[in-house]
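Colleague: Could you take me through this structure, please? I should like to begin with the basics.

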Amino acid sequence: MIEIKDLHKSYKMGSNSLHVLKGINFSVKEGELVAIMGSSGSGKSTLLNILGMLDELDEGSYDLDGVPIKNLNETKAAQYRNKFLGFVFQSFNLINYKSAMENVALPLYYQKVGRKERQEKALKYLEQVGLKEWATHLPNELSGGQKQRVAIARAMAAEPKVLLADEPTGALDSKTSYEVMDLIQKINDQGNTILLVTHEPDIADMCKRIVHLKDGVIIEDKKVEQVRASQYV
Amino acid sequence: MKFLFDSNTWQEIFGSISKNKTRTIITVIGVLWGIFIYVALSGAAKGLDNGFDKAFKTVAMNSMFVWAQNTSMPYDGFKTGRPMQLKLGDVETLENRIPEIQYIAPRITQGQFGSKPVYTVRGQKSGSYTLNGDYPIYTKISTKKIFDGGRFINQEDMDQARKVIVIGERVQQELYKKGEDPVGSYVRVGNVYFQVIGVHKLAQGVSFDSDSAMFIPFSTYRKLYNSGDNVGYLCIAAYDDADVVQVEKDIKAILKSTHRVNPKDERAFGSFNLGERFGEIMGFADGLTFMSLVVGIATILAGVIGIGNILLISVKERTKELGVRRALGATPSEVRNQIILESVFLTLIAGVVGIILGAGLLSGLNAFTKDADFPYANPTVPIPYVLGALAIMVILGTLIGLIPAQRAVSIKPIDALREE
C-alpha cells in the first residue's frame, strides 16, 4: 500500500539546513496497523506529513497504492488526500461551528457527494464510533474522547486507503486513550490500513508493528503481539 | 463557474456565515450603512428635484416678463429719460421675428407695481384688488386652476369684449358668503358691472398672480379704461429647447430697434427671466443629486473595504479551519471560491437590507412631507441606479474578497494545522 524508498527531507533554517529524514526505507501492506515511535525531533511527524502529502519530499520516492506521489501541485495533492487519506490529529481539529454530523460529512462534501447521501454516510460512521445520538451537537459540547471519535469518523467517512493519525491519544487521559485505541483497533480489524504516530509505549503496543525513528533514520522495525485495548476499557 | 449553481456550495457558505453571527453582522453593517446612505441621500435629492418640478408646474419653465421703462441714453434725436410704452404691435413683431417664442401674452394691469388697486363692490361688501386685462393664451404660460363650474376668459369673450371677470380665491372669501356660488353673479368693478365666470385657485408653488387678482378680457379692459394699444407688460414663453437667455436678448434688441432706442441702452426695457432663475435652481438640484451619488458610492466603497478587512481578519482566525478543510481534500480553488462567495454573499445581503431600509426611510419621509409647505415630493431612487449600486457592490465584493481568499490559499495546510 505504501512504498517509501530512500526518503530524504531537510528544512532550511536561514543559512543552515536541518536534515530531518536521512534515508528512510519503509513499506506498509494493506490491513496493517503501524505505530511510528520516536522522541521529539526524531522526524516522525515530518514522515507522517510527507505520507499525508502535506509536505513534499526532497529525495527518494513515495508510492501510495501504486500511484507515485511526487511534484504534486496543491490541487492534485488535495484531490489525492481526499481520495486516499484520512487524517486524525492530536488536537482533533474539528470545525467548531459545525455539528458532529456536519464535521463528519465535510470530506464527502469535497468529494462532491450529495447532501442527503452525505448525511446518511455521516450518520453511519457516527454510529460506528458510537456517537449517533450526538450527531447534532457542536464540538464544544463533546468531551475530548468524543471529539476524537468524531474526528476518526470524519477520517473514515471518505473511505480512505490509509488512515493517518498524529498522536491521536496525545490530548486524552489514559482511559479515553484506550477507548480511542479500541476504536482504531476495530477499524483495523475491518481491514483498514492505519499509521499512527505516538511516543507512548503502551499505545504503540496496541499496534501490530512498531517503527522506531531516531535522528531521521529507522533504528528498529518490528512486528509485535497486539495488546487489545478492549481489556482496559 | 459551475460551483456557483451548486446548492452544496451555498449550503457550505450559508453554514459558515450563519454560524458566525457576530462576525457576519459586524461585516454586514458597513455595506448596509453605505447603501442605506446612498439610497436615502439620492432619494432625498430626487425628492427635492421633484419638489421643485412640482412648484414650477403651474408656470412655463422657459418664461420671462418684459416691460417698458425710461431710456437712459439719447438716441436718434430723442433726449434721455424718454418714457417707453409697449404696444400691441410689439407682440406681433416679436412673434414674427423670433421663432423661439412659443406663447406671448400681452397684459395690462392695475393694482400692481405701485398703481392703485381697483375698488370692487358686491352688495354690502367691498374690497380693492388687482385687475388684469388678459388674453386667453395667458393660461398657457401660467396655468390657472379654476374651481368647478367656472372657466377662464376665452376667445369669444375677447372678440365681443364681454364684461366677464375671473376672481381670486380671496376675492370670493371677502365678497361672498360661505357656500355661495359666485359663478353667474355680478360684481361692480369701478363703475362697471361684471359677471363672474370663474374663481381661480391659488396655485401651490410658484405663481405670477396672487389670490386677490382678478382677470377680465384685454379687449374689455382697453375699452373701459381707454388704454388703446398700450400694453403693461409681456409674458413670454419660449420653447423648451430654446436658450432663454438668448431669447431675452433678442426680444430686447428688437424692441429697442422698433422703439428707436440706443441698442446699448440697458434701461429702456426691463425684464425678469424666470427660465434663467429656474435653470439655476435645477442646477442646484442636479448638483445635489450628483453629490449624493458621490457620497453614496464613497460610503459603499468604505463598506466593501470594511468587509474585505473583516474577512481578512477572519481568514487569520480561521487559518486552522481552512487547513483542516484542505487536509480533508479542499482544493485551493475551492477554498478561494468559498471566501470570495462569502464576501459577495455578505455584500449582497447587506445591499438588499440597506436598500429596503433606505426605501423605508424614503417612504416615511414621503408620508411626513406630503402636506408640508416645502418643495419636496415623491422621493425615489430610479431602479437602474439601485441595481447599478448593487452591481458595483457585487463587483467590489468579489475584488475585495480576492485579497483574503488569496491569503487563505497562500498558507500551506501543514502550517495552518501546526498553528495552535
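Modeller: The answers below go from chain A to the contact between chains and then to the cores.

Modeller: This is a predicted model, in which local features need pLDDT of at least 70, side-chain atom pairs count only at pLDDT 80 or more, and totals for chains, interfaces and linings use all residues. Residues are numbered from 1 along each chain as its sequence is written, while chains are lettered from A and ligands numbered from 1 in the order in which they are written.

Colleague: How many helices and strands has chain A?

Modeller: Chain A has 7 helices and 10 strands; helices (H or I, at least four residues) and strands (E, at least two) are DSSP runs, numbered from the N terminus.

Colleague: What percentage of chain A is buried?

Modeller: Of its 233 residues, 50% are buried, that is, they have 20 or more other C-beta atoms, placed from the backbone, within 10 Å of their own.

Colleague: Now the interface: how many residues of chain A are in contact with chain B?

Modeller: In chain A, 22 residues are in contact with 22 residues of chain B, where contact requires C-beta atoms, placed from the backbone, within 7 Å.

Colleague: Which element gives the most to that side of chain A?

Modeller: α2(A) does, with 6 residues.

Colleague: And the largest nonpolar core: which residues touch the most other members?

Modeller: Among its 125 residues, they are A:Ile36, A:Val104, A:Leu195 and B:Ile35. A nonpolar core is a set of buried Ala, Val, Leu, Ile, Met, Phe, Trp, Tyr and Cys residues joined through C-beta atoms within 7 Å. Helix α2 (residues 21-55) of chain B supplies the largest share of this core, 14 residues.

Conventions: Contact = placed C-beta atoms within 7 Å. Buried ≥ 20, exposed ≤ 12 C-beta atoms within 10 Å, placed from the backbone.
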